[in-house]
Amino acid sequence: MTAVGFEPQEIDLLQPTRAARLKWVVVVDSALPPGRGVNAAVCVASATARSVAGLLGPDGEDATGSAHPGLPWAGCTVLAAAGDRLAALRAKAADSPGVFVADMPAQAQRTRVYDDYLRQLSEASDVEYLAVSVVGPRNRVDKLVKGLELMP
């Protein structure tokens with residue numbers, strides 16, 4: 001997989017998020033209850049933040065001197081989709097050059113032991129996705145998520 005990310009000279013904290021070359025979306029299965037949906041979104045966002053260079057802005061400090069870790073300077077939109085649309089989105093995104101994909105298979109919420117998750121995943125021939133995170137060229141990501149609505 002080719003690395004996807006921002007070069008240091010691309011990071012312009014004075015511009016609106018829509019000016020960024022790359023767009024980040026997280027799409028969650030709309031049938032999930034709120035707690036499980038948020039869990040799935042946070043998990044794929046964590047994997048994305050770790051893997052996509054330049055995605056997070058610098059740390060900040062408030063007027064009292066308290067530190068605040070950097071947030072995504074280019075923004076992140078959280079959308080919802082039916083399970084079948086989510087699987088199709090993941091497949092198209094994974095086949096799209098220059099696009100990073102992180103996903104959360106349903107097996108991840110069925111166990112509390114990571115090794116059990118990996119075993120269950122290795123045995124799955126038809127993976128059900130609870131959330132998918134996609135980062136890529138703005139026009140390509142817009143096309144992938146066209147028609148999806150914000151997660152309620």
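Modeller: A nonpolar core is a set of buried Ala, Val, Leu, Ile, Met, Phe, Trp, Tyr and Cys residues joined through side-chain atoms within 4.5 Å. Keep in mind that this model is predicted.

Colleague: OK. How many residues has the largest nonpolar core?

Modeller: The largest nonpolar core has 22 residues. Those with the most contacts inside it are Phe6, Val26, Val28, Ala40, Val44, Phe100 and Val135.

Colleague: Which elements give two or more residues to this core?

Modeller: Strand 1, helix 1 (34-51), strand 5 (100-105) and strand 6 do. Strand 1 gives the largest share, 4 residues.

Colleague: And what about another core, apart from that one?

Modeller: There is one of 16 residues. Val25, Leu89, Val132 and Val134 are among its members.

Colleague: Back to strand 1. Is it mostly covered or uncovered?

Modeller: Mostly covered. Strand 1 spans residues 22-29, and 8 of its 8 residues are buried.

Colleague: Which way do strand 1 and strand 6 run, parallel or antiparallel?

Modeller: Antiparallel, with 7 bridges joining strand 1 to strand 6 (residues 129-137). Take Val28: its bridge partner in strand 6 is Ala131.

Colleague: How does strand 1 pair with strand 4?

Modeller: In the parallel sense, over 5 bridges; strand 4 covers residues 77-81. There, Asp29 stands opposite Ala81.

Colleague: Val28 came up twice. What is Val28 in contact with?

Modeller: Leave aside its neighbours within four places in sequence. Then Val28 is in contact with Gly37, Ala41, Val78, Leu79, Ala80, Ala81, Leu86, Leu130, Ala131 and Met151.

Colleague: New topic. How many disulfides are there in the whole structure?

Modeller: A search finds 0. Cys43 is in no disulfide, and its nearest cysteine sulfur is that of Cys76.

Colleague: Why is there no bond for Cys76?

Modeller: Because its sulfur is 14 Å from the closest cysteine sulfur, in Cys43, which is too far. A disulfide needs the two sulfur atoms within 2.5 Å.

Colleague: What is the relative accessibility of Cys43? And the relative accessible area of Cys76?

Modeller: Cys43 has 35%, so it counts as partly exposed. Cys76 has 32% and is partly exposed.

Colleague: Last thing, pockets. How much space lies in the largest pocket?

Modeller: About 410 Å³. The lining has 16 residues, and Asp103, Pro105, Ala108, Tyr114 and Tyr117 lie nearest the centre.

Colleague: Which elements each supply at least two residues of that lining?

Modeller: Helix 1, strand 5 and helix 3 (114-123) do. Strand 5 gives the most, with 4 residues.

Terms used:
Residues numbered from 1 in each chain as written. Predicted model: local features only at pLDDT ≥ 70, side-chain atom pairs only at ≥ 80, totals over all residues. Heavy atoms only, no water. Buried < 20%, exposed > 50% of the residue type's maximum accessible area, 1.4 Å probe, protein only. Pairing = 2+ DSSP bridges. Contact = heavy atoms within 4.5 Å. 1 Å grid on protein atoms, 1.4 Å probe; cavity = no way out; pocket = protein on both sides within 12 Å on 5 of 7 lines; lining within 4 Å. Points joined across faces, edges and corners; volume = space filled by probe spheres on them.
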